[in-house]
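User: Please take a close look at one part of this model, the salt bridges and the residues that form them, and set that part within the chain as a whole. I would like a single connected account rather than a list.

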Amino acid sequence: MILPIYVYGSSILRKVAQDINPDYPNLKRLIDDMFETMSQSDGIGLAAPQVGLSIRLIVIDGTPLAKDDPSLKDFRKVIINPYIEERFGEKVIYSEGCLSIPNIHEEVEREEKVRISYLDENFTAHNEVFEGFAARIVQHEYDHLEGILFTDRLSPIRKQLLRSKLGAISKGKFTADYKCRLVK
Ligand code: NI
């Protein structure tokens, strides 16, 4: 089932999400729905707050980009209760977008590598280093669980230049070719 994406201005995007346990109701169904919603909207990552649930759950599918970046060939993951242990390596600047912030792309600086502890869909624990584009996707989605959006990471000048566009989204004045929801 395709779920509506909560957009900029929705209060759920600003909450710190909570850990879940294996008893979380209909978790498998939710994960399937998030993958379906993400691929239908051409996303490569989706965090549960973006579908209106303040829980620490992320789905990622970087495989559509493997043509350009072979390291993403098998990068399809469910990440539950993640915590970033460390960020390291060079700072890298790259253009990002977000399904919750339609039609805006901006260059964001992030560390090249990240170590996270997390559980997979079977609640098996992992402690893993991601790097390159995978590290960027993980950090962007992780931010969603902390109530942070990529636009928060821009310089004061870029933020100022985006103010009216972001304001318009938060008033529902935008177009997207996927189902959206705005709940203040
Ligand atoms: Ni996003």
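Analyst: What follows begins with the chain as a whole, turns to the salt bridges, and ends with the metal site and the end of the chain.

The model is predicted, and every value below is computed from it. The chain has 3 helices and 7 strands, and along the sequence these elements follow the pattern β-α-β-β-β-β-β-α-α-β. For 184 residues a compact globule would have a radius of gyration near 16 Å, and the value for the chain, 16 Å, agrees with that. The C-alpha trace spans about 45 × 40 × 30 Å along its principal axes. Of the 184 residues, 48% are buried, and the accessible surface of the chain amounts to about 9,400 Å², with 49% of it belonging to carbon and sulfur atoms. Among the contacts with a separation of 6 or more, 66% are between residues 24 or more positions apart.

Against that background, the salt bridges come to 15 in number. One of them joins the side chains of Glu 146 and Arg 56, with an N to O distance of 2.7 Å. Because Glu 146 lies in the loop between helix 2 (133–145) and helix 3 (156–170), while Arg 56 lies in the loop between strand 2 (45–47) and strand 3 (57–61), this pair ties together parts that are 90 residues apart in sequence. The two partners can also be described by their exposure: Glu 146 is partly exposed, with a relative accessible area of 27%, whereas Arg 56 is buried, with a relative accessible area of 1%.

The surroundings of Arg 56 add to this picture. When its neighbours within four places in sequence are left aside, Arg 56 is in contact with Val 16, Ala 17, Gln 18 and Asp 19, with Ile 79, Ile 80, Asn 81, Pro 82 and Tyr 83, and with Tyr 142, Leu 145 and Glu 146. One of these residues, Ala 17, offers its backbone oxygen, which the side chain of Arg 56 reaches at 3.2 Å. Arg 56 thus has a salt bridge to Glu 146 as well as a polar contact with the backbone of Ala 17.

A second salt bridge has both partners buried. Arg 110 pairs with Glu 96, and their closest N and O atoms are 2.7 Å apart. Arg 110 belongs to strand 5 (residues 101–119) and Glu 96 to strand 4 (residues 76–98), so that the pair links distant parts of the chain, 14 residues apart. Arg 110 counts as buried at 2% relative accessibility, and Glu 96 is buried as well, with a relative accessible area of 4%. This pair does not stand alone, as salt bridges that share partners join Glu 96, Arg 110, Arg 136, Asp 143 and Arg 153 into one network.

A contrasting case is the salt bridge between Lys 73 and Asp 74, in which the closest N and O atoms are 3.4 Å apart. Here Lys 73 counts as exposed at 56% relative accessibility, and Asp 74 is likewise exposed, with a relative accessible area of 62%.

Strand 4 and helix 2 come up again at the nickel ion. The protein donors of this ion are Cys 98 through SG, His 140 through NE2 and His 144 through NE2, and they lie 2.1 to 2.2 Å from it. In sequence, these donor residues are spaced C-x41-H-x3-H. Cys 98 in strand 4 and His 144 in helix 2 are 46 residues apart, and the pair links distant parts of the chain. Both of these donors are buried, Cys 98 with a relative accessible area of 10% and His 144 with a relative accessible area of 1%.

Finally, Lys 184 sits in the segment after strand 7 (180–181) and counts as exposed at 62% relative accessibility. Apart from its neighbours within four places in sequence, Lys 184 is in contact with Gly 9, Ser 11 and Ser 170. A polar atom of its side chain lies 2.7 Å from the backbone oxygen of Ser 170. The C-alpha atom of Lys 184 is separated by 9.7 Å from that of Leu 13, although the two residues are 171 residues apart along the chain.

Definitions and conventions: Residues numbered from 1 in each chain as written. Predicted model: local features only at pLDDT ≥ 70, side-chain atom pairs only at ≥ 80, totals over all residues. Heavy atoms only, no water. Salt bridge = Lys/Arg side-chain N within 4 Å of Asp/Glu carboxyl O. Helix = DSSP H or I, 4+ residues; strand = E, 2+ residues; numbered from the N terminus. Buried < 20%, exposed > 50% of the residue type's maximum accessible area, 1.4 Å probe, protein only. Polar contact = N/O pair within 3.5 Å; in protein donor to acceptor, adjacent residues only side chain to side chain. Contact = heavy atoms within 4.5 Å. Donors = N, O, S within 2.8 Å, 3.2 Å for Na, K, Ca; no water. Rg over C-alpha atoms; globule rule 2.2 N^0.38 Å. Areas by Shrake-Rupley, 256 points an atom, 1.4 Å probe, with all protein chains shown as cover.
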